[in-house]
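Work through these exercises with the structure open. Each task is followed by a solution in steps.

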Amino acid sequence: MINHCEKELPYEACGLLTGKNGIAKTIWRMKNIDQSPVSFSMDLEQIRRVFEIIAKTDESLLGIYHSHPTDKAYPSAEDIAYSNYPNVGHLIISFSSKTPVVKCFQINGKKVIQLNIELVD
Ligand SMILES: [Zn+2]
């Protein structure tokens, strides 16, 4: 995930995480059709194809990630305004400092709650 976001700098990168029982197993690198350093939009056709593939597995959508090339790891006003998935984790990978920072949030309407994440293998 961090590698993907690093590769797309200076633009924002975005993607989906799917898995089960709260454990993400698959990373789906998505295209940022905005090609912008301050925003991202996913290609609806590409999202549709991912959902089509995971429908045939036991995985479901657990998270949506995107990077902030220069901003901190906190949802921007736009991230909150355009978020339509209150039940998945919104991960933000920030490159504003030397070491990338990953944080995860639940965005429900205007309410933002930070969620704990941990690495499992
Ligand atoms: Zn953002």
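**Exercise 1. Pocket linings**

Find the strand that gives the most residues to the lining of the largest pocket. Then describe that pocket and the second largest one.

Solution.
- Step 1. S2 gives the most to this lining, with five residues. The model is a predicted one.
- Step 2. Look at the other strands. S2 (23-30), S3, S4 and S5 each supply at least two lining residues.
- Step 3. Take the volume. The largest pocket holds about 720 Å³. It is lined by 27 residues, and Leu17, Gly22, Ala24, Ile117 and Glu118 are the closest to its centre.
- Step 4. Sort the lining by class. The largest pocket has 17 nonpolar, seven polar and three charged residues.
- Step 5. Turn to the second largest pocket, with a volume of about 580 Å³. Of its 25 lining residues, Phe40, Ser41, Met42, Tyr82 and Ser83 are the closest to the centre.
- Step 6. Assign elements. Helix H2 (44-54), S3 and helix H3 (77-81) each give at least two residues to the second lining. S3 gives the most there, with four.
- Step 7. Sort again. The second lining divides into 13 nonpolar, eight polar and four charged residues.

**Exercise 2. The partners of S3**

Determine in which sense S3 pairs with S1 and with S4.

Solution.
- Step 1. Locate S3 at residues 60-68. Seven of its nine residues are buried, so the strand is mostly covered.
- Step 2. Pair S3 with S1 (residues 14-20). The sense is antiparallel, over six bridges. Leu16 stands opposite Ile64 of S3.
- Step 3. Pair S3 with S4 (residues 89-94). Here the sense is parallel, again over six bridges. His68 has Ser94 in S4 as its bridge partner.

**Exercise 3. The zinc site**

Classify the geometry of the site of the zinc ion.

Solution.
- Step 1. List the donors. They are NE2 of His66, NE2 of His68 and two entries for OD of Asp79, at 2.0 to 2.6 Å.
- Step 2. Write the spacing of the donor residues in sequence: H-x1-H-x10-D.
- Step 3. Check burial. His66 and His68 are both buried.
- Step 4. Take the angles among the four donor atoms. They run from 55 to 157 degrees.
- Step 5. Apply the cut-off. Tetrahedral needs all angles between 85 and 135 degrees. The range of 55 to 157 degrees breaks that limit, and the site is irregular.
- Step 6. For reference, the ideal angle for four tetrahedral donors is 109.5 degrees.

**Exercise 4. A hairpin**

Identify the residue with a positive phi in the hairpin of S5 and S6.

Solution.
- Step 1. Set the strands. S5 (residues 101-108) and S6 (residues 111-115) run antiparallel and are joined by five bridges.
- Step 2. Find a bridge pair. Asn108 has Lys111 in S6 as its partner.
- Step 3. Read the turn. Two residues lie between the strands, and Gly109 takes a positive phi near 65 degrees.

**Exercise 5. Exposure of Glu78**

Explain why Glu78 counts as partly exposed.

Solution.
- Step 1. Place Glu78 in helix H3.
- Step 2. Read its relative accessibility: 48%.
- Step 3. Compare with the limits. Buried is under 20% and exposed is over 50%. Glu78 is therefore partly exposed, because 48% falls in between.
- Step 4. Add a distance. Glu78 and Met30 are 48 residues apart in sequence, and their C-alpha atoms are 19 Å apart in space.

Notes. Residues are numbered from 1 along each chain as its sequence is written. This is a predicted model: local features need pLDDT of at least 70, side-chain atom pairs count only at pLDDT 80 or more; totals for chains, interfaces and linings use all residues. Side-chain values use heavy atoms; hydrogens and water are left out. Buried means under 20% relative accessible area, exposed over 50%, partly exposed in between (1.4 Å probe, protein chains only). Two strands pair if DSSP finds at least two bridges between them. Donors are N, O and S atoms within 2.8 Å of the metal (3.2 Å for Na, K and Ca); water is not among the atoms, so sites may look incomplete. Four donors count as tetrahedral if all angles lie between 85 and 135 degrees; four count as square planar and six as octahedral if opposite donors are over 155 degrees apart and all others between 65 and 115; anything else is irregular. On a 1 Å grid over the protein atoms alone, a cavity is a set of points where a 1.4 Å probe fits but cannot get out, and a pocket is an open set with protein on both sides within 12 Å along at least five of seven lines; lining residues have an atom within 4 Å of a point. Grid points are joined across faces, edges and corners, and a volume is the space filled by probe spheres set on the points. Ala, Val, Leu, Ile, Met, Phe, Trp, Tyr, Cys and Pro count as nonpolar, Asp, Glu, Lys and Arg as charged, and the others, Gly among them, as polar.
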